[in-house]
Amino acid sequence: MARVTGIGGIFLRARDVKALTAWYAKHLGISVTPYGASFIWSECDQPEGAGKGLTAWNIFPADTKYFGPDASPVQQTMVNYRVDDIDALLDQLRAAGVQIDPHREDADYGRFSWIYDPEGNRIELWQPLPEAQK
């Protein structure tokens, strides 16, 4: 049987494409070309300790609070970005005035935090723990 083998892309809508593209480049380091940004998830090419190229996919109920307790009902998706140093990134984002949810979660497979882009989209940040990367 044919099947899906991974996430091929994540696409966001924006009221101001140029401004939102610039925000993601400045604050999350996502460089966008006219065709978008590309992330290579090849386990062979990962430096030691960088972890495997795992991408999670899940469906949440329409009334989920996981997208944030006051998330816009218009937001139908939330992107989880893997990060290398969640504390340092949050410090950078805080200094830049980015809206940060004060809630944090630690799990046996990583640390989590949430931020909001300028259009109010909730974004999940995930730093895998070294044990979870093996």
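Trainee: How many helices and strands are there in the chain?
Mentor: Helices here are DSSP runs of H or I with at least four residues, while strands are runs of E with at least two, both numbered from the N terminus. Walking from the N terminus on, you meet the elements in the order α-β-α-β-β-β. The tally for the chain is two helices and four strands.

Trainee: At which pLDDT do side-chain atom pairs count in this predicted model?
Mentor: Residues are numbered from 1 along each chain as its sequence is written, and side-chain values use heavy atoms, with hydrogens and water left out. This is a predicted model, where totals for chains, interfaces and linings use all residues, local features need pLDDT of at least 70, and side-chain atom pairs count only at pLDDT 80 or more.

Trainee: What percentage of the 134 residues count as buried?
Mentor: Buried means under 20% relative accessible area, exposed means over 50%, and partly exposed is in between, using a 1.4 Å probe and protein chains only. The accessible surface of the chain comes to about 9,900 Å², with 54% of it belonging to carbon and sulfur atoms. Of the 134 residues, the buried share is 28%.

Trainee: Which residues touch the most other members of the largest nonpolar core?
Mentor: A nonpolar core is a set of buried Ala, Val, Leu, Ile, Met, Phe, Trp, Tyr and Cys residues joined through side-chain atoms within 4.5 Å. The largest one has 17 residues, and those touching the most other members are Tyr24, Leu28, Tyr81, Leu93, Ile115, Ile123 and Leu125.

Trainee: Which elements give two or more residues to this core?
Mentor: The largest core, with its 17 residues, draws on both helices and strands. The elements giving two or more residues are helix 1 (17-28), strand 1 (79-82), helix 2 (86-95) and strand 4 (122-127).

Trainee: Which residues does the second, separate core include?
Mentor: This core is separate from the one above and has five residues. Among them are Phe67, Phe112, Trp114 and Trp126.

Trainee: How many of the six residues of strand 4 are buried?
Mentor: Arg122, Glu124 and Trp126 point one way from strand 4, and they are buried. Ile123, Leu125 and Gln127 point the other way, and they are buried as well. That leaves strand 4 mostly covered, with a buried count of six.

Trainee: How do strand 3 and strand 4 run, parallel or antiparallel?
Mentor: Two strands pair if DSSP finds at least two bridges between them. Strand 1 and strand 4 are joined by four bridges and run parallel, with arginine 82 partnering tryptophan 126. Strand 3 (residues 110-116) is joined to strand 4 by six bridges, with arginine 111 opposite glutamine 127. The direction of strand 3 and strand 4 is antiparallel.

Trainee: Which residue takes a positive phi in the hairpin of strand 3 and strand 4?
Mentor: This hairpin has five residues between the strands. The residue with a positive phi, near 90°, is glycine 120.

Trainee: Which residues are linked in a network of salt bridges?
Mentor: A salt bridge is a side-chain nitrogen of Lys or Arg within 4 Å of a carboxyl oxygen of Asp or Glu, and the count by this rule is five. Arginine 111 forms one with aspartate 87, with the closest N and O atoms 3.0 Å apart; aspartate 87 lies in helix 2 and arginine 111 in strand 3, so the pair ties together parts 24 residues apart in sequence. Arginine 111 also forms one with aspartate 106, at 3.4 Å. The network therefore links Asp87, Asp106 and Arg111.

Trainee: Is aspartate 106 exposed or buried?
Mentor: Its two network companions are partly exposed: aspartate 87 at 40% relative accessibility and arginine 111 at 26%. Aspartate 106 has a relative accessible area of 63% and is exposed.

Trainee: What separates arginine 94 and aspartate 91 in helix 2?
Mentor: Their side chains meet in a salt bridge of 3.2 Å, N to O. Arginine 94 is partly exposed at 45%, and aspartate 91 is partly exposed at 48%. Being three residues apart, the two are separated by about one helical turn.

Trainee: Which side chain is joined to arginine 122 by a polar contact of 2.7 Å?
Mentor: A polar contact is a pair of N or O atoms within 3.5 Å; within protein, one must be able to donate a hydrogen and the other to accept it, and residues adjacent in sequence count only if both atoms are side-chain atoms. Arginine 122 sits in strand 4 and is buried, with a relative accessible area of 5%. A polar contact of 3.0 Å joins its side chain to that of tyrosine 116. The partner at 2.7 Å is aspartate 101.

Definitions and conventions
Areas by Shrake-Rupley, 256 points an atom, 1.4 Å probe, with all protein chains shown as cover.
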